[in-house]
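Me: Hi! Could you walk me through this structure, one question at a time?

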Amino acid sequence: MPLFSSSSTSSSTTPPRPKASPDGAFEAPNRTARSACWTARDAFFACLDAHGIVDSIGHKEDAERCCGAEETGLRRDCASSWVTYFKQRRVMEFKRKQTLEKLAAEGARPMPEGMGPPRLESGR
């Protein structure tokens with residue numbers, strides 16, 4: 001019997017797991033699978049927000065206790081690399097927002113157009 005049976009009793013809303021290609025890599029998820037992943041991510045983040053948890057990696061025990069079911073859905077519907085990316089990006093976006101709010105409170109203003117570092121033109 002194969003290790004991963006295709007005759008599992010999954011619901012019709014659960015996207016199929018990625019298939020391995022002949023070279024061993026996994027196929028990219030299709031639109032339906034990505035949509036299911038983003039829905040699971042949004043549900044997990046809504047739960048974290050409701051419980052005041054920003055960093056689900058650093059506060060793993062709290063996140064699992066409060067939002068375990070939502071995290072299970074996230075891990076089921078998303079590639080593990082996506083789960084890690086989503087969690088790290090959530091913390092980064094929170095810190096970015098805090099930094100911008102702090103700068104605004106200190107009176108910082110955006111730089112005028114053209115005053116930033118030079119941009120490289122594409123094709124060079």
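Me: Let's begin with a residue at the surface boundary. Is Arg41 buried, exposed or partly exposed?
Reply: Happy to help, and please keep in mind that this is a predicted model. Buried would need a relative accessible area under 20%, and exposed would need over 50%. Arg41 has a relative accessible area of 22%, so the class for Arg41 is partly exposed.

Me: Which residue does Arg41 pair with in a salt bridge?
Reply: In general, side chains of opposite charge can pair when their charged atoms come close. For Arg41, the closest N and O atoms of the salt bridge are 3.0 Å apart. The partner is partly exposed, with a relative accessible area of 43%. That partner is Asp42.

Me: What is the N to O distance in the salt bridge between Asp49 and Arg90, and which helices hold the two residues?
Reply: Asp49 lies in helix H1 (residues 31-50) and Arg90 in helix H3, so the pair ties together parts that are 41 residues apart in sequence. The two side chains meet in a salt bridge with an N to O distance of 2.7 Å. In short, the helices are H1 and H3, and the distance is 2.7 Å.

Me: Is Arg90 buried or exposed, and which residues does Arg90 contact beyond its neighbours within four places in sequence?
Reply: The relative accessible area of Arg90 is 14%, so Arg90 counts as buried. Leaving aside neighbours within four places in sequence, the contacts of Arg90 are Phe45, Leu48, Asp49, Ile53 and Val54.

Me: Asp77 and Arg76 also meet in a salt bridge. Which of the two is buried, and which is partly exposed?
Reply: Their side chains come to 3.0 Å, N to O. Arg76 has 43% relative accessibility and therefore counts as partly exposed. At 12% relative accessibility, the buried one is Asp77.

Me: How do helices H2 and H3 lie to each other: parallel, perpendicular, antiparallel or oblique?
Reply: The axes of H2 (residues 60-77) and H3 (residues 80-105) come within 8 Å and cross at roughly 130 degrees. Angles of 65 to 115 degrees count as roughly perpendicular and those over 145 as roughly antiparallel. The crossing of H2 and H3 is therefore oblique.

Me: Which residues make that contact, and of what classes are they?
Reply: From H2 come Glu71, Leu74 and Arg75, and from H3 come Val83, Phe86 and Lys87. By class, the contact has 3 nonpolar, no polar and 3 charged residues.

Me: Which residues are linked with Glu71 in a network of salt bridges?
Reply: Glu71 is one of the residues that H2 brings to its contact with H3. The structure holds 7 salt bridges. In the network, the residues linked with Glu71 are Arg75 and Lys87.

Me: Where is Cys47, and what does Cys47 touch beyond four places in sequence?
Reply: Cys47 is found in helix H1. At 9% relative accessibility, Cys47 counts as buried. The C-alpha atoms of Cys47 and Glu70 are separated by 7.4 Å, although the residues are 23 apart along the chain. Not counting residues up to four places away, Cys47 touches Cys66, Cys67 and Glu70.

Me: To finish, what percentage of the residues in the chain is buried?
Reply: The chain has 3 helices and 0 strands, following the pattern α-α-α along the sequence. The chain exposes about 10,200 Å², with carbon and sulfur atoms supplying 55% of it. Of the 124 residues in the chain, the buried ones make up 19%.

Conventions:
Residues are numbered from 1 along each chain as its sequence is written. This is a predicted model: local features need pLDDT of at least 70, side-chain atom pairs count only at pLDDT 80 or more; totals for chains, interfaces and linings use all residues. Side-chain values use heavy atoms; hydrogens and water are left out. Axes are lines fitted to C-alpha atoms, for helices over the stretch in contact, and angles run from 0 to 180 degrees between N-to-C directions. Angles under 35 degrees count as roughly parallel, over 145 as roughly antiparallel, 65 to 115 as roughly perpendicular and the rest as oblique. Contact means heavy atoms within 4.5 Å. Ala, Val, Leu, Ile, Met, Phe, Trp, Tyr, Cys and Pro count as nonpolar, Asp, Glu, Lys and Arg as charged, and the others, Gly among them, as polar. Buried means under 20% relative accessible area, exposed over 50%, partly exposed in between (1.4 Å probe, protein chains only). Accessible areas come from the Shrake-Rupley method with a 1.4 Å probe; for residues, only the protein chains shown count as cover. A salt bridge is a side-chain nitrogen of Lys or Arg within 4 Å of a carboxyl oxygen of Asp or Glu.
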